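This report describes helix packing and a few individual residue environments in one protein chain. The sequence and the model are shown first, and the description follows.

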Amino acid sequence: MQRELDLTQGSVPKVLLQFAVPYLLANVLQALYGGADLFVVGLFDDSASIAGVAIGSQVMQTITGIILGLTTGVTVLISIATGARNGKEAASIIGSSIWLFSIIGLSLTLLMTIFHSQITGVMHTPSEAVRDTEHYLLICSIGIPFIMGYNVVCGIFRGLGDSKTPLYFVALACVINILLDFILVGMVHLRAAGAAIATVVSQAVSFMAAVYFLYRKGFHFEFTRRHIRLNKYLSMRILTLGAPIALQDALINVSFLLITVIVNQMGVTASASLGVVEKIIVFAMLPPAAISSAVAAMTAQNYGAGETGRMLLCLRSGIGTALIFGVAFCLYSQFSPETFVGIFSNDAAVIAMAAEYLRGYSIDCIMVSFVFCFNSYFSGQGNSWFPMLHSLIATFLFRIPLSWIFSRIDSSSLFLMGFAPPMATIVSLIICFWYLRKNKRQLDRFKTAHAPRITSQGMSN
């Protein structure tokens with residue numbers, strides 16, 4: 001059965017949804033890794049253990065963001081090559097990425113295992129949660145090569161137009177993770193360490209299954225062992241596109257860590273509340289994130305094929321679809337935020353404080369429906385520097401300062417802090433609308449260009 005979609009043909013909304021829905025389901029299941037950890041720990045352990053998993057997950061989310069950003073370079077370049085019907089270049093990109101990300105994965109693992117204790121200290125982790133946080137970070141750091149490998153393989157599939165296959169491997173990992181969580185945390189009582197072990201084992205199994213499937217399935221173009229080599233030029237192209245996205249995700253996650261530091265100084269209840277809401281927001285952001293990822297892949301294939309008009313239709317369809325989810329989540333959070341928070345904690349104080357934070361934060365889900373799709377639209381053209389720049393401006397000049405100011409105004413509540421994210425995202429949105437007009441003029445100049453020419457020049461835009 002053919003799983004790869006030709007993103008340059010057919011109805012734009014239909015093709016977008018066909019690609020985005022499996023991506024969304026895969027992301028939902030992948031988010032259940034950390035969500036299941038926090039859920040099970042919340043059932044069987046105290047607030048210190050919850051805070052340990054929440055803080056440790058936040059750090060690992062930063063690492064995962066770096067990995068996802070870098071592997072986006074692989075997805076976009078393969079998509080552009082696929083749109084241009086250049087199988088030889090796609091094979092070379094895949095082969096070079098195997099070497100490149102093996103090196104990066106091992107380097108990150110070494111750094112994180114050496115400095116996990118220092119990172120726990122930098123986070124101003126409450127004293128009650130230090131031991132759990134250190135255990136969670138150390139064990140999860142050992143699993144970084146599996147996270148890296150899995151995301152590279154999935155990036156390859158999606159670049160080729162196949163968003164369904166990764167879903168099956170995420171589902172496998174999710175089932176294993178949840179089962180091991182209940183065994184290691186609920187029965188063996190290993191606290192945060194048990195949750196971390198469950199996560200690493202599930203990721204390892206998922207990665208090995210994906211590699212085996214890819215080996216047996218092969219590609220629709222020639223790919224042999226001679227393609228598996230570190231090509232300096234292609235590696236630089238991958239990093240040129242992926243590094244700004246990785247840097248953007250890393251710095252934004254660093255901003256989340258800084259906000260966590262601010263909240264940690266308000267006590268363990270505030271720390272646990274922040275961790276719970278961040279997990280909820282991760283799930284709430286999944287639909288716009290999946291849709292925007294489909295926008296990126298679809299934009300890249302059409303860019304490679306020279307279909308600039310179809311690219312704009314994809315952007316509009318993506319924004320419209322993402323808004324449906326964003327508006328629905330925001331409205332529900334205004335009236336019944338406790339039902340979301342209660343999934344991850346049965347502590348009355350945590351539920352009350354987290355509900356206040358969620359009311360303001362949920363507004364951001366509407367704003368990012370625009371910004372995520374804009375970022376993917378530009379990145380799909382090989383321009384990842386602009387999304388990074390406007391995101392950093394909004395985050396470091398607005399979100400962090402506003403969070404700090406609001407925490408000083410009312411140190412007993414997270415209600416005001418909840419409005420910092422949407423206020424910062426509005427800044428990004430204004431900049432994106434301005435740049436879209438400039439980008440449209442650039443595309444008009446390339447409208448009649450031949451696809452292979454665009455492929456070779458796309459990274460310079």
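In this predicted model, N151 touches Q30, I67, L68 and T71, leaving aside residues up to four places away in sequence. N151 belongs to helix α5, which covers residues 144-159, and because its relative accessibility is 4%, below the 20% limit for a buried residue, N151 counts as buried.

The helix that carries N151 also packs against helix α7 (residues 191-217), at an angle of about 35° and with the two axes 9 Å apart. The crossing in which α5 passes α7 is left-handed. On the α5 side the contact involves F146, I147, G149, Y150, V153 and F157, and these meet V200, Q203, A204, S206, F207, A210, V211, F213, L214 and K217 of α7. By residue class, this contact of α5 with α7 comprises 12 nonpolar, 3 polar and 1 charged.

Helix α2 (residues 47-83) takes part in two further packings, one with helix α9 (residues 268-284) and one with helix α10 (residues 286-305). The table sets out the geometry of the three pairs.

| Helix pair | Angle | Axis separation | Crossing |
|---|---|---|---|
| α2 and α9 | about 50° | 9 Å | left-handed |
| α2 and α10 | about 40° | 7 Å | right-handed |
| α5 and α7 | about 35° | 9 Å | left-handed |

With an angle of about 50° between them, α2 and α9 are therefore oblique to each other. Their contact is formed by S47, I50, A51, A54, I55, S57, Q58 and Q61 of α2 together with V268, S271, A272, G275, E278, K279 and V282 of α9. The residues of this contact of α2 with α9 divide into 7 nonpolar, 6 polar and 2 charged.

The packing of α2 with α10, at about 40°, is therefore oblique as well. Here V76, S79, I80, T82 and G83 of α2 meet A297, A300, Q301, Y303, G304 and A305 of α10, and the residues of the contact divide into 6 nonpolar, 5 polar and no charged. As general background to such lists, an α-helix has 3.6 residues a turn, so residues three or four places apart point the same way.

Two other helices can be considered through their length. Helix α6 (residues 165-187) has 23 residues, which at 1.5 Å a residue should span 33 Å, and the 33 Å between its end C-alpha atoms agrees with that expectation. Just after α6, H189 adopts a positive phi of about 60°. For helix α14 (residues 364-379), the 16 residues should span 22 Å on the same reckoning of 1.5 Å a residue, and the end C-alpha atoms, 21 Å apart, agree with this. As for its surroundings, α14 is mostly covered, since 14 of its 16 residues are buried.

Finally, F419 is placed in the loop between α15 (385-409) and α16 (420-446). Its relative accessible area is 26%, and because the partly exposed class lies between 20% and 50%, F419 is assigned to that class. Leaving aside residues up to four places away in sequence, F419 touches G360 and I363. The C-alpha atoms of F419 and S403 are separated by 8.4 Å, although these two residues are 16 residues apart along the chain.

Definitions and conventions: Residues numbered from 1 in each chain as written. Predicted model: local features only at pLDDT ≥ 70, side-chain atom pairs only at ≥ 80, totals over all residues. Heavy atoms only, no water. Axes fitted to C-alpha atoms, helices over the stretch in contact; angles between N-to-C directions. Helix = DSSP H or I, 4+ residues; strand = E, 2+ residues; numbered from the N terminus. Parallel < 35°, antiparallel > 145°, perpendicular 65-115°, else oblique. Left-handed = near helix turned anticlockwise from the far one by under 90°. Contact = heavy atoms within 4.5 Å. Nonpolar A, V, L, I, M, F, W, Y, C, P; charged D, E, K, R; others polar. Buried < 20%, exposed > 50% of the residue type's maximum accessible area, 1.4 Å probe, protein only. Expected span 1.5 Å × (residues − 1).
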